[in-house]
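Work through the exercises below with the model open beside you. Each task is followed by its solution in steps.

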Amino acid sequence: MTSGNTTMTRDTILKVEHLSMRFGGLMAINDLSLEARRGEITALIGPNGAGKTTVFNCITGFYKPTMGMITMNRRNGEQHLLERLSDFEITKKAKVARTFQNIRLFSGLTVLENLLVAQHNKLMKASGYTVMGLLGIGSYKREAEGSIELARQWLEKADLIDRADDPAGDLPYGAQRRLEIARAMCTGPELLCLDEPAAGLNPKESLALNTLLNSIRDETGTSILLIEHDMSVVMEISDHVVVLEYGQKISDGTPDHVKNDPKVIAAYLGVDDDELEEVMHEELDGGSL
Ligand SMILES: Nc1ncnc2c1ncn2[C@@H]1O[C@H](COP(=O)(O)OP(=O)(O)OP(=O)(O)O)[C@@H](O)[C@H]1O
């Protein structure tokens, strides 16, 4: 365990403090601080290039931040400083899982096999890393049965049970997205990070995604951090929204709060600072995002 010395209430699952990420001359993230609360869906939104994916990459260990601290506050009281862990340790010890903008399934494996691969670590541990273990001596058989049961539960929740034996690559796009989320859930995360899960989905698939994310939050208590451009998804399911522009936070609050924040409206409309006052007046006169 990496012990953090930051003060957090039990309600905070993730705390990002003074995060900066520089790529050569470009400051992609500039002194960003934000919090995600336990058991909530937090959305990270902002115009293209605002730095959302960079924040995700810092949280999940794909980038080492130039500066700043990212603390994961686990249910059991452990605190992990994510900027000090490898991506593998972030999944295993800090219990953070993620999906990517581009679907990354094992398309030649079946839907069920994709969910079993995600549980590889615990199965190997149960095997004792020996052939005897794999042959069913010791705890391997019990763990293997448990893994199949967990996979079955997630196939039900993701509405994929009828496709369990089909190659993952044969699924429609929206179903592949749900399978990715189910696969991430099979690693037993406390925080699930989703990078644009609604991208490319039709309205029916988008609705199925909302249902799945709501059930993850409500039935498992897993916290979700979500990057999303689709405002219907963000406004429908988020408890809390953080808005970035040019690597800095410009708004933070409930969906209603950010939707009506003139700074957010200006960022999305691409207006200059001197036009902001005008937008604020229009907003006060009754407009919204
Ligand atoms: N590996 C990298 N090397 C250099 N520049 C990068 C790298 N990753 C991101 N950037 C730059 O950092 C800035 C933020 O990019 P990022 O992808 O985080 O934005 P975003 O908000 O996720 O955008 P989008 O909504 O388009 O996905 C951009 O200017 C981008 O070009």
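Two strands count as paired if DSSP finds at least two bridges between them. The model used here is predicted. Its chain has 12 helices and 10 strands.

**Exercise 1. Find how E3 and E8 pair, and place them in their sheet.**

Step 1. Take strand E3, residues 41-45, and strand E8. Four bridges link them, in the parallel sense. This passes the cut-off of two bridges.

Step 2. Pick one pair of residues. Ala43 stands opposite Leu226 in E8.

Step 3. Turn to the E7 side. E7 and E8 pair over five bridges, again in the parallel sense. Leu192 has Ile224 in E8 as its bridge partner. From E7 the chain passes through helix H8 (residues 203-220) to reach E8, in a right-handed β-α-β crossover.

Step 4. Write out the sheet. Six strands make it up, in the order E6-E7-E8-E3-E9-E10. The sheet is open and its pairing is mixed. Strand E6 (96-99) and strand E10 (248-253) are the edges, each pairing on one side only. From one strand to the next the twist averages 15 degrees.

Step 5. Check for an antiparallel pair. Strand E9 (residues 240-245) runs antiparallel to E10, with five bridges between them. Val241 has its bridge partner, Gly253, in E10.

**Exercise 2. Decide whether the faces of E8 are covered or open.**

Step 1. Recall the general pattern. Side chains in a regular strand alternate between the two faces of the sheet.

Step 2. Sort the residues. Ser223, Leu225 and Ile227 lie on one side, Ile224 and Leu226 on the other.

Step 3. Test each side. The residues named are all buried, and both faces of E8 are covered. Over residues 223-227, that makes five of five buried.

Step 4. Set this against the chain. Buried residues make up 38% of its 289 residues.

**Exercise 3. Classify Leu44 as buried or exposed, and list its contacts.**

Step 1. Locate the residue. Leu44 is in strand E3.

Step 2. Count its neighbours. Leu44 is buried because 27 other C-beta atoms lie within 10 Å, and the cut-off is 20 or more.

Step 3. List the contacts, setting aside neighbours within four places in sequence. They are Lys52, Val55, Leu225, Leu226, Ile227, Val242 and Leu244.

Step 4. Look at one long-range pair. Leu44 and Val242 are 198 residues apart along the chain, yet 5.0 Å separates their C-alpha atoms. Over the chain, 65% of the contacts with a separation of 6 or more join residues 24 or more positions apart.

**Exercise 4. Describe the other sheet and the helix across it.**

Step 1. Order the strands. Four of them form an open antiparallel sheet, E2-E1-E4-E5. E2 and strand E5 (79-81) are its edges, each pairing on one side only.

Step 2. Inspect one pair. Strand E1 (residues 12-23) and strand E4 (residues 67-73) share five bridges. Ser20 stands opposite Met67 in E4.

Step 3. Add the helix. H1 lies across E1, E2 and E4, at about 65 degrees to E2.

**Exercise 5. Work out which elements supply the shell around the ligand.**

Step 1. List the residues. They are Phe23, Leu26, Ala28, Gly46, Asn48, Gly49, Ala50, Gly51, Lys52, Thr53 and Thr54.

Step 2. Assign them. Strand E2 (26-37) and helix H1 (52-59) are the elements that give two or more residues. H1 gives the largest share, three residues.

Step 3. Sort by class. The shell has four nonpolar, six polar and one charged residues.

**Exercise 6. Compare the surroundings of two residues with positive phi, His18 and Glu196.**

Step 1. Recall the background. Most residues other than glycine have a negative phi.

Step 2. Take His18. Its phi is near 50 degrees, and its place is in strand E1. His18 counts as exposed because it has 12 C-beta neighbours inside 10 Å; the limit is 12 or fewer.

Step 3. Take Glu196. Its phi is also near 50 degrees, but Glu196 sits in the loop between E7 and H8. With 21 C-beta neighbours inside 10 Å, Glu196 counts as buried.

Note on methods. Residues numbered from 1 in each chain as written. Predicted model: local features only at pLDDT ≥ 70, side-chain atom pairs only at ≥ 80, totals over all residues. Axes fitted to C-alpha atoms, helices over the stretch in contact; angles between N-to-C directions. Near = placed C-beta within 6 Å. Nonpolar A, V, L, I, M, F, W, Y, C, P; charged D, E, K, R; others polar. Contact = placed C-beta atoms within 7 Å. Right-handed = clockwise from strand over helix to strand, strands pointing away.
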